[in-house]
Amino acid sequence: MDVVNLETVFHVIRQVETGSHPDPANAVGDQGRSLGPFQISCAYFQDAIDNDSSLYGLEYEGVRDERLAKIIMLSYFERWVPTPWTLENLCRTHNGGPQGRFRDSTLPYWEKCLEV
């Protein structure tokens, strides 16, 4: 099994989520429920914070910043995706939540990821 390159993961997810948005940091999706270049929801953010106490004190609006959003994503992945990490499991979990890698509903998202 190939080792996953996290920068590739971030690039793919960002492209699928906000690749054509003129200002990804200010992108808002899901009827206002997701923010920033990776379209992180408040629940996703809270799961990441709950996983890593060193993140306490961060504000949800911070996910508009790509660097901070990546830190949130890593904490989320550490909480919900078993190792070894694969691009597919990370992308599908990002899209569909803790059980996203098992849900058929995340397959169209994964297909978009493969096109990046």
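**Aromatic pairs and the surroundings of Q39**

Four aromatic pairs are counted in this predicted model, where rings of Phe, Tyr and Trp (its six-membered ring) pair if their centres lie within 6.5 Å, planes under 30 degrees apart being stacked, those over 60 edge-to-face and the rest tilted. One of them joins F45 and Y60 in an edge-to-face arrangement, with 5.6 Å from centre to centre and 65° between the planes. The two residues are 15 apart and link distant parts of the chain, F45 lying in helix 2 (residues 42-51) and Y60 in the loop between helix 2 and helix 3 (66-80). Helices (H or I, at least four residues) and strands (E, at least two) are DSSP runs numbered from the N terminus. F45 is buried, at a relative accessible area of 4%, and Y60 is buried at 17%; buried denotes under 20%, exposed over 50% and partly exposed the range in between (1.4 Å probe, protein chains only). F77 and W85 form an edge-to-face pair, at 6.0 Å between centres and 75° between planes, and both residues are buried.

Q39 is located in the loop between strand 2 (34-35) and strand 3 (40-41). This residue is buried, with a relative accessible area of 12%. Contacts of Q39 (heavy atoms within 4.5 Å) include E17, T18, A27 and H94, residues up to four places away in sequence not being counted.

Residues are numbered from 1 along each chain as its sequence is written, and side-chain values use heavy atoms, without hydrogens and water. As the model is predicted, local features need pLDDT of at least 70 and side-chain atom pairs count only at pLDDT 80 or more, whereas totals for chains, interfaces and linings use all residues.
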